[in-house]
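Visitor: I am new to this structure. Could you walk me through how to read it?

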Amino acid sequence: MLKYKNIIFDIHEHFHKQFYFNRCVIYGANGALKLSVPVVKNHVRTPLKNVSIFYGQNWRIIHWRSIEAAYRRSPFFEFYEDSFRNIYLGAETEKLADWNLDLFKMINKLMGIELSFSFTESYEKAYENIDDYRNLCIPGATIVPPLKEINYQQVFQEKYGFIKNLSIIDLLFSEGQYARQMLLE
């Protein structure tokens, strides 16, 4: 995203259960750990902008405790801890798209990144003259052009080796203010 002047989020894309719209992967003490935000079950073809978060479970506390356990020993956890705690344990956000946007804005602010963004007006299967990276939300999808891999020291790397394609928080907690530069190189 850093190489673009304007980012367009497709909030009219249909919500798919197995996509990364409501999930991420972090590096836990036992390897890759999947975190999922539960959503209210909707009918087929619900646009992402209409997907509501389900608060009938303690997922926010579970996510926060998982993040804290995974990254408490990371070099930069203490610098960012309050911001993440506020997102996870603060006010409830009704829509999944708003939750994702809040996280996106916070992480960009913490990394010193200023991106201009907007939202689609409707769903389009393909866009002309736009680099379309919507398939980044699909686990295991082939990305064209391929994304650059970044290697850095992860908290549990000595135990399980380097795990790629983790949440941006892994890079942020591991590299702090250097994360932005690593993404730009």
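Visitor: Where is H16 found?

Guide: H16 is found in the loop between β1 (6–9) and β2. Helices (H or I, at least four residues) and strands (E, at least two) are DSSP runs, numbered from the N terminus. This is a predicted model: local features need pLDDT of at least 70, side-chain atom pairs count only at pLDDT 80 or more, and totals for chains, interfaces and linings use all residues. Residues are numbered from 1 along each chain as its sequence is written, and side-chain values use heavy atoms, with hydrogens and water left out.

Visitor: Is H16 buried, partly exposed or exposed, and why?

Guide: Start with the cut-offs. Buried means under 20% relative accessible area, exposed means over 50%, and partly exposed lies in between (1.4 Å probe, protein chains only). H16 has a relative accessible area of 31%, so H16 is partly exposed.

Visitor: What separates H16 and Y123?

Guide: Along the chain, 107 residues. In space, their C-alpha atoms are 14 Å apart.

Visitor: What separates A32 and F119?

Guide: These two are 87 residues apart along the chain, and 31 Å separates their C-alpha atoms. A32 lies in strand β3.

Visitor: Which residues is A32 in contact with?

Guide: Contact means heavy atoms within 4.5 Å. Leaving aside neighbours within four places in sequence, A32 is in contact with V25, I26 and I163.

Visitor: Now T46. Where is its place, and why does T46 count as buried or exposed?

Guide: T46 is in the loop between β3 (31–36) and α1. T46 counts as buried because its relative accessibility is 6%. Beyond its neighbours within four places in sequence, T46 is in contact with E13, H14, F15 and V51.

Visitor: How do I read a nonpolar core?

Guide: Here is the general idea. In soluble globular proteins, nonpolar side chains tend to be buried together. A nonpolar core is a set of buried Ala, Val, Leu, Ile, Met, Phe, Trp, Tyr and Cys residues joined through side-chain atoms within 4.5 Å. In this model, the largest such core has 45 residues. I67, Y71, F84, L96 and W99 have the most contacts inside it.

Visitor: Which elements each supply at least two residues of this core?

Guide: They are β2 (23–28), α1 (59–71), α2 (77–89), α3 (96–111), α5 (168–175) and α6 (178–184). α3 gives the most, with nine residues.

Visitor: What does Y71 touch?

Guide: Not counting residues up to four places away in sequence, Y71 touches I26, Y27, F77, V155, I169, D170 and F173.

Visitor: Where is the kink in α2 centred?

Guide: A bend at a residue is the angle between axes fitted to the seven residues ending there and the seven starting there. In α2, a kink of about 30 degrees is centred on S83. The buried residues of this helix are F77, Y80, E81, F84, I87 and Y88. They pack against α1, α3 and α5.

Visitor: How many residues of α5 are buried?

Guide: Seven of its eight residues are buried, so mostly covered is the right reading of α5. The buried ones are I169, D170, L171, L172, F173, S174 and E175. They pack against β2, α1, α2, α3 and α6.

Visitor: Why is S174 classed that way?

Guide: S174 is buried because its relative accessible area is 5%. Residues up to four places away aside, S174 touches P75, F76, Y152, Q153 and Q154.

Visitor: How do I read a positive phi?

Guide: Most residues other than glycine have a negative phi. N129 is not a glycine, yet has a positive phi of about 60 degrees. N129 is in the loop between β4 (116–119) and α4 (157–160). With a relative accessible area of 81%, N129 is exposed. N165 has a positive phi near 65 degrees and is also a residue other than glycine. Its place is in the loop between α4 and α5. N165 is exposed, at 67% relative accessible area. Just after α5, G176 takes a positive phi of about 60 degrees.
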